[in-house]
Every structure is written in C-alpha cells, then in structure tokens.
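Please look through the sequence and the model below before reading on. The paragraphs that follow lead from a single residue to a helix and then to an enclosed space.

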Amino acid sequence: MAEAFNDLTLSADKATRYAEVAEEIASVLDGESNLTARMATVASMLANSFDTYFWTGFYVVDPAKDRELVVGPYQGTLGCLRIAFGRGVCGAAAATGETQLVPDVHAFPGHIACDGRSQSEIVVPVFGTDGELIAVFDVDSDRPAAFDEVDQLWLERILKTTFG
Ligand code: SME
C-alpha cells in the first residue's frame, strides 16, 4: 500500500516537472527554427530535469543512407554513431514508428550496449511537419525500469509540439 502510494506521488511529481520543462523548452525555442539548435536544447533541458536520465539524445534519419540513423545532439557518455532501422531499441522505434518502453534492456533482443551501465530506456519516434520520421529520441537510465507511461505521454507530447 505504502509502495503504491509512493509510486503515485512520484508519478505526480514527475508529471509536474514534465509540464514545467515543456513550457520552458517552448519558451527558449520561441522563434528558433534551426533543427540542430532545437534538438540540442530539448536534449539539454530534459537531461538536466531528471536524475533518472543517464544518456539523452537524438538519432537522426540520415537522408544519404537507406534506413539508417546517425547520432545527433545528445547529453551523456559516448554514443554509437550509426544504427540501422530495425536494430536495437532505437532501430525498432524507427522501423515501427512507435515508442519503445524497455524496463530491462538486457531482455530486449538486439539491444545495442553503447554504455554498459544502461539498464532501461525509452525511445520515442520524432516526426516532422509533414508527418515524416526525422529522428528518434533516446533516453537511457542506469536504473532498471526507470520509465513508465508518464514519461511516454510527456515525451511524445513535447516532441510533437517541438518538431511536428
Ligand atoms: N540503447 C540504444 C543504443 C543507443 S545508446 O544506448 C546511446 C539501442 O539499443 O537502440
């Protein structure tokens, strides 16, 4: 019972912080159209809002390649540079166009271990103004099961508002 109460309290705190940072991001980016600047700002502001975030950033669809992602603006330790659609968690988000919520990365077939400390992650597809996939947004945590539906709802909302 106490545990369920704590979970609810934490979820409410988390949702409140997401709502605040969503407004802060919109305000900082007001009038800025450069995509790299927008992605760098989103990665920085979200990474600095939650201590569960260990690696935070974008893998961008590479127009010069066939179904391949290339690393974009991020915060964290060295990330791998390229990920084919369908490979690992980022590749699954790119291939399906759907958010991947992964409580245990070691149980995810084909997970790419850029940093062995990653335990759980969420990857959200990012669509541009024409509805086309432009990137995926990847957040890794060094804690197991760090992300839930609250993270999914707010990240999808922030990314849609910022890039859609
Ligand atoms: N975890 C990702 C790889 C990217 S890094 O962790 C920065 C994946 O399996 O898609």
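Does T52 count as buried or exposed? The model in view is a predicted one, and in it T52 has a relative accessibility of 18%, which lies under the 20% that marks a buried residue, so T52 counts as buried. Its place in the chain is a loop, the one that runs between helix 2 (35-47) and strand 1. When residues up to four places away in sequence are not counted, T52 touches D140, S141, D142, R143, A146 and F147.

A second residue to find is I25, which sits in helix 1 (residues 2-29). With a relative accessibility of 2%, I25 also falls under the 20% limit and therefore counts as buried. Leaving aside the neighbours of I25 within four places in sequence, the residues in contact with I25 are V42, M45, L46, I158 and T162. For a sense of distance in the model, one may take I25 together with G57, which stands 32 residues apart from I25 along the chain, and whose C-alpha atom is separated from that of I25 by 15 Å.

From single residues we can turn to a whole element, helix 3 (residues 88-96), which is mostly covered, since 7 of its 9 residues are buried. Those buried residues are G88, V89, C90, G91, A92, A93 and A94. What covers them includes several strands, namely strand 1 (55-61), strand 2 (68-75), strand 3 (82-84), strand 4 (100-102), strand 5 (120-127) and strand 6 (133-141). Just after the helix has ended, G97 takes a positive phi of about 70 degrees.

Helix 3 also has a part in the last feature to be described, an enclosed space within the model. Rolling a probe the size of a water molecule over the atoms shows where empty space is left. Counting cavities of 30 Å³ or more gives 1, and the largest cavity has a volume of about 160 Å³. Its lining is made up of 19 residues, and those that lie nearest the centre of the cavity are I112, C114, E121, D138 and D140. Strand 1, helix 3 and strand 6 are the elements that give two or more residues to this lining, and helix 3 gives the most, with 3 residues. Sorted by class, the lining has 10 nonpolar, 5 polar and 4 charged residues. One of the residues nearest the centre, D140, has already appeared above, as one of the residues that T52 touches.

Note on methods: Residues are numbered from 1 along each chain as its sequence is written. This is a predicted model: local features need pLDDT of at least 70, side-chain atom pairs count only at pLDDT 80 or more; totals for chains, interfaces and linings use all residues. Side-chain values use heavy atoms; hydrogens and water are left out. Buried means under 20% relative accessible area, exposed over 50%, partly exposed in between (1.4 Å probe, protein chains only). Helices (H or I, at least four residues) and strands (E, at least two) are DSSP runs, numbered from the N terminus. Contact means heavy atoms within 4.5 Å. On a 1 Å grid over the protein atoms alone, a cavity is a set of points where a 1.4 Å probe fits but cannot get out, and a pocket is an open set with protein on both sides within 12 Å along at least five of seven lines; lining residues have an atom within 4 Å of a point. Grid points are joined across faces, edges and corners, and a volume is the space filled by probe spheres set on the points. Ala, Val, Leu, Ile, Met, Phe, Trp, Tyr, Cys and Pro count as nonpolar, Asp, Glu, Lys and Arg as charged, and the others, Gly among them, as polar.
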